[in-house]
Each structure stands twice: as C-alpha cells, then as structure tokens.
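This report describes a single protein chain, moving from its overall layout to its charged side chains.

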Amino acid sequence: MHRKIITVAIGLLLLTSYGCKKKEIEELQQKNEELTQQVENKDSRINELENYLDKVHKNLQSMIESQKLGDLTGLEKVADGKLRERLEKANELVQESKEKKEAFEQEISGTRYQANKYKKEADKLQKELQENEDSLKVVTEDLEKRMKEIKKMTAQIADQDSTIDKLTEENNAYLDSLNEKTRILNTAYVAVGEEKELENKNIIKKEGGFLGFLGQTKVLDPNYNKSDLETFNIEEENSITIETKKRKAQMVTPHPKNSYTIKEEGDEKIILEINDPEQFWRAGKQLVITY
C-alpha cells in the first residue's frame with residue numbers, strides 16, 4: 001500500500017514538474033522571439049545605414065568629379081570654400097554613420113549572444129521536458145495498471161466482506177439460538193406458598209385418597225401457567241429462602257432427598273439448599289413447596 005501511495009505521489013510531482021518546465025520553456029521561447037525580433041530590427045537599421053553611407057559616398061564622388069578635383073587627397077586643398085564645407089560635413093556624417101553602425105553591430109552581437117544563450121537553455125529545458133514526458137508516460141501507465149489492480153482487489157475485498165457479513169450474521173443467529181436454548185435448559189420454575197393459594201392459581205391439585213378427600217396427594221397441575229411461577233437459574237442459584245417453619249414445608253414436586261437439604265434460620269424461616277443440581281432437577285424443571 002505504501003508503494004502505491006509513493007507511486008501516486010511521484011506521478012503528481014512529475015505532473016507538477018512538467019507544468020513548471022513547460023511554462024519556463026514558453027517564457028524562454030517568448031524571450032527568444034523578442035530578441036530575434038530585436039536582432040531583425042537592428043539588422044534592418046544597419047542595412048539602412050549601409051545604404052545611406054553608400055549614397056553619401058556616391059554623392060561625394062559625384063561632387064568631386066563635378067568640381068574637377070582630380071587627385072586631391074585632402075579637403076584643405078579644395079579651393080571652393082562652400083564645397084570644402086559641404087565635403088567636411090559629408091565626411092563628418094560618414095564618420096558618425098560608421099560609428100553608429102559599429103555600435104549597432106556590437107549591440108546586435110550581444111543580443112545574438114543572449115538569444116543563443118536563451119535558445120540553448122530552451123533546448124535544454126525542451127530535452128528535460130521530453131524526458132519528463134517519457135517518465136510521466138511510464139508512471140501514468142504504471143499508475144493506471146495499479147489503479148486497475150486496486151479496483152480489482154477492492155471488488156474482491158467487497159465480496160469477502162459480504163461473505164464475512166453473511167457468515168457473521170449466521171453465526172450470531174446460531175449463538176442467539178444456542179443462548180436461548182441454554183437459557184431454557186437452565187431455567188426452572190418455582191412456586192412457594194400456602195396450599196390454598198397455589199390451588200386457586202391452578203398450580204397444584206389434589207388427587208387420589210379415600211372417598212375423594214381422605215389421604216389425598218398434592219401434585220403439580222399439568223395445566224399450570226408458567227407465568228404464575230418464578231423463574232430460577234439452575235447454573236447461578238442453588239438455594240431458596242422460605243418464610244415458614246420447617247415442619248410446615250411440604251415438597252409437592254418429586255426431588256431425590258439426597259440432592260438437597262433444608263436448614264432452619266430462626267423460628268419462621270428455612271433455607272432449601274440444592275447440593276446436587278443434576279439429580280435435583282432430573283425429574284423436571286418445576287419446584288413447588290407448600291406450607
């Protein structure tokens with residue numbers, strides 16, 4: 001995952017670098033074009049000066065020939081004062097034009113050097129830009145490939161998560177069912193009270209006996225309502241406190257005598273202690289005691 005993050009970061013850096021390089025190249029190319037235009041303008045001005053000098057030389061030659069100066073080599077030998085003055089001014093103009101031409105040539109030389117410098121920098125940046133474009137292309141292709149892999153892995157993880165959620169749901173349902181079954185298995189129902197009260201609630205009834213009333217036995221009414229009894233957790237509880245005297249307490253439901261003991265707590269209280277829960281509840285999960 002870290003390698004994928006680094007790859008994405010490199011791609012973003014290359015994109016940023018690519019944008020900066022491209023902008024820098026455009027600026028250099030603009031400068032190069034401006035300098036080239038300046039060179040062309042100055043070349044045009046030099047050409048104009050050269051044409052002007054050529055015209056001056058031709059005019060001087062024409063003037064000298066018209067005055068029949070012959071082989072005179074110095075202006076001081078010219079007899080005509082006006083002609084000498086005109087020739088001197090023409091000579092000054094020629095010298096000034098030469099100086100301007102030399103200055104323009106030096107300026108153009110510097111401008112050309114600067115333009116060549118910009119051109120070299122632009123070529124270098126263009127080369128770097130091309131290299132970055134190639135690298136960016138490779139990184140982009142690799143990034144697209146990895147994105148496809150990530151997308152595929154994400155789909156697989158989603159499928160796995162869906163399967164896990166389904167299994168978790170089934171497992172939770174199984175655990176809930178198991179817990180419910182365990183709760184039912186560990187739940188007993190207890191009714192403790194006076195005989196008449198339990199009869200009125202249809203928890204117990206009497207059966208057998210002589211003439212329908214002598215020697216009757218109290219038993220659990222098979223039609224009793226569980227809501228009339230209290231629940232008792234077999235695993236967590238092992239004793240019941242009853243507000244009565246020991247001699248009055250009678251066990252209605254059958255439980256092995258060796259699985260429990262009854263202890264007195266003062267004159268009006270007894271405690272039923274279950275010593276062997278497995279044996280005690282083997283006959284059924286109901287406990288009914290009258291007094």
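Along the sequence, the protein chain runs through the pattern α-α-β-α-β-β-β-β-β-β-β-α-β. That makes 4 helices and 9 strands. The model is a predicted one. Its pLDDT averages 78 over the protein chain, and 67% of the residues score at least 70.

Two stretches have low confidence. Over residues 2-10 pLDDT stays under 50, and the model has 9 contacts beyond four places in sequence for this stretch. Residues 67-75 also stay under 50 in pLDDT, with 11 contacts beyond four places in sequence.

The protein chain has 291 residues, of which 24% count as buried. Its accessible surface comes to about 21,200 Å², and carbon and sulfur atoms account for 49% of that area. Of the contacts between residues at least 6 apart in sequence, 68% join residues at least 24 apart.

**Salt bridges**

Side chains of opposite charge can pair when their charged atoms come close. A search of the whole structure gives 9 salt bridges. The table lists some of them.

| Positive residue | Negative residue | Closest N to O distance |
|---|---|---|
| Arginine 146 | Aspartate 142 | 2.9 Å |
| Lysine 206 | Glutamate 195 | 2.6 Å |
| Lysine 245 | Glutamate 268 | 3.7 Å |

Arginine 146 and aspartate 142 both belong to helix H2, which covers residues 81-185. They are 4 residues apart, about one turn of the helix. Aspartate 142 counts as partly exposed because its relative accessibility is 28%.

The salt bridge between lysine 206 and glutamate 195 has an N to O distance of 2.6 Å. This pair links distant parts of the chain, with lysine 206 in strand S2 (residues 204-207) and glutamate 195 in helix H3 (residues 195-200), 11 residues apart. Lysine 206 is partly exposed at 38% relative accessibility, and glutamate 195 is partly exposed at 23%.

In the salt bridge of lysine 245 with glutamate 268, the closest N and O atoms are 3.7 Å apart. Here too the pair links distant parts of the chain, 23 residues apart, and both partners lie in loops. Lysine 245 sits between strand S5 (239-242) and strand S6 (250-251), while glutamate 268 sits between strand S7 (260-264) and strand S8 (270-274). Lysine 245 has a relative accessibility of 27% and so counts as partly exposed. Glutamate 268 is likewise partly exposed, with a relative accessible area of 45%. Elsewhere, salt bridges that share partners join Glu195, Glu199, Lys206 and Lys218 into one network.

**Aspartate 221**

Aspartate 221 lies in the loop between strand S3 (217-220) and strand S4 (230-233). This residue is buried yet has no salt bridge. Which side chain of opposite charge is nearest to aspartate 221, and how far away is it? It is that of lysine 205, at 4.9 Å. A salt bridge requires a nitrogen to oxygen distance within 4 Å, so a separation of 4.9 Å does not qualify.

The side chain of aspartate 221 does reach a backbone atom: the nitrogen of asparagine 223, at 2.9 Å. Neighbours within four places in sequence aside, the contacts of aspartate 221 are with Asn202, Ile203, Ile204 and Lys205. Lysine 205 is thus in contact with aspartate 221 without forming a salt bridge to it.

Terms used: Residues numbered from 1 in each chain as written. Predicted model: local features only at pLDDT ≥ 70, side-chain atom pairs only at ≥ 80, totals over all residues. Heavy atoms only, no water. pLDDT = per-residue confidence, 0-100. Contact = heavy atoms within 4.5 Å. Helix = DSSP H or I, 4+ residues; strand = E, 2+ residues; numbered from the N terminus. Buried < 20%, exposed > 50% of the residue type's maximum accessible area, 1.4 Å probe, protein only. Lys, Arg positive; Asp, Glu negative; His and termini not counted. Polar contact = N/O pair within 3.5 Å; in protein donor to acceptor, adjacent residues only side chain to side chain. Areas by Shrake-Rupley, 256 points an atom, 1.4 Å probe, with all protein chains shown as cover.
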